[in-house]
Amino acid sequence: MITAQQIRDVYEKASSEFAGSASYRHLLGGQADADEVRDFIRNVFLTHYLSSHIVALCFASLPSDAASLLKENLLEEMGRSEAEKPHSALLLELARGAGFSEQEIQGLIADARQQVAIFCAVRVPLPTLRELCLAVLLETVSFEFMLSRCSGPIAAALLGHYALPKRALQWFELHSEVDIRHAEEGLQVVLDYLNFHQITDSSFEHILDSSHDAARRPPRQDTSSRSRSISFEFPSVKRLAMPSKVARKATR
Ligand SMILES: [Fe+2]
């Protein structure tokens, strides 16, 4: 039977690989140029602007004990008040702080929406919705794990090396705090999901491997729109780590 420690080990490994990647060190070391920083911010925006919709899918698929944890996570994503803004609003501040114009931001929003449309239109090699929602959940928790460890250092680098204003970095600062809790709760949610949906160990391992294989494939290039690197697979830790331009440099 899969244990919380086994899942934690997988996420720790993925987060460590991310933190050790050439592109991450390049960014944190202050060596990225202005275009690379914009590319990175753009990828963060695209993968997270509609995060509440993604968490909502996870919530919808788990009417069980751990649903209350997902509900709290979802309410945080959607924003409860002026003092606790939606996370999407914090990403708008991030984009403005990184120098994107209002017109460019409208383009980012359109691309983020398009990414969901593309994801929904892709054929998936999974037999039922319960496997698909599990893959989405695993990816979401993986992100939270990575953010709990890396978003603080990323915020510090964007402030110290690339002179982004502090008010623009709230999204990173918030995720370095709340995702420490979310990451631990995520393990509970995954275990509850496996139990509720009667997922076998072999099926779980197959889905985990498929997710990792998808994350290792390079993002497909979209040549028809203004977007330079819309990923067709579900956004992953590695995709956030590897904005196209930085990735090309890292593999030279
Ligand atoms: Fe968030």
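The largest nonpolar core of this predicted model contains 50 residues. Ile-41, Phe-45, Leu-91, Leu-94, Ala-95 and Leu-137 are the residues with the most contacts inside this core. Helix α8 supplies the largest share of the core, namely 12 residues. In soluble globular proteins, nonpolar side chains tend to be buried together.

Leu-137 deserves a separate description. When residues up to four places away in sequence are left out, Leu-137 touches Cys-58, Val-189, Val-190 and Tyr-193.

The core belongs to a chain built from helices. The protein chain has 12 helices and 0 strands, and its pattern along the sequence reads α-α-α-α-α-α-α-α-α-α-α-α. Of its 252 residues, 37% are buried. Among the contacts with a separation of 6 or more, 77% join residues that are 24 or more positions apart.

Helix α5 allows a simple check of geometry. This helix covers residues 67-78, which makes 12 residues. At 1.5 Å a residue it should span 16 Å, and its end C-alpha atoms are indeed 16 Å apart, so the two values agree. Which residues of α5 are buried? They are Leu-70, Asn-73 and Leu-74. These residues lie on the same side of α5 because they cover an arc of only 100° around the axis. An α-helix has 3.6 residues a turn, so residues three or four places apart point the same way. Just after α5, Gly-79 adopts a positive phi of about 90°.

The sign of phi is also of interest elsewhere. Most residues other than glycine have a negative phi. Ala-163 is not a glycine, yet its phi is positive, at about 55°. Gln-198, likewise not a glycine, has a positive phi of about 55°. The table sets out where these residues are found and how many C-beta neighbours they have.

| Residue | Phi | Loop | Other C-beta atoms within 10 Å |
|---|---|---|---|
| Ala-163 | about 55° | between α8 (129-160) and α9 (170-196) | 9 atoms |
| Gln-198 | about 55° | between α9 and α10 (201-216) | 8 atoms |

Are these residues buried or exposed? A residue is classed as exposed if 12 or fewer other C-beta atoms lie within 10 Å of its own. Ala-163 is therefore exposed, since it has 9 such atoms. Gln-198 counts as exposed because it has 8 C-beta neighbours inside 10 Å.

How values were computed:
Residues numbered from 1 in each chain as written. Predicted model: local features only at pLDDT ≥ 70, side-chain atom pairs only at ≥ 80, totals over all residues. Helix = DSSP H or I, 4+ residues; strand = E, 2+ residues; numbered from the N terminus. Expected span 1.5 Å × (residues − 1). Buried ≥ 20, exposed ≤ 12 C-beta atoms within 10 Å, placed from the backbone. Arc of directions from axis to C-beta. Core = buried A, V, L, I, M, F, W, Y, C linked by C-beta atoms within 7 Å. Contact = placed C-beta atoms within 7 Å.
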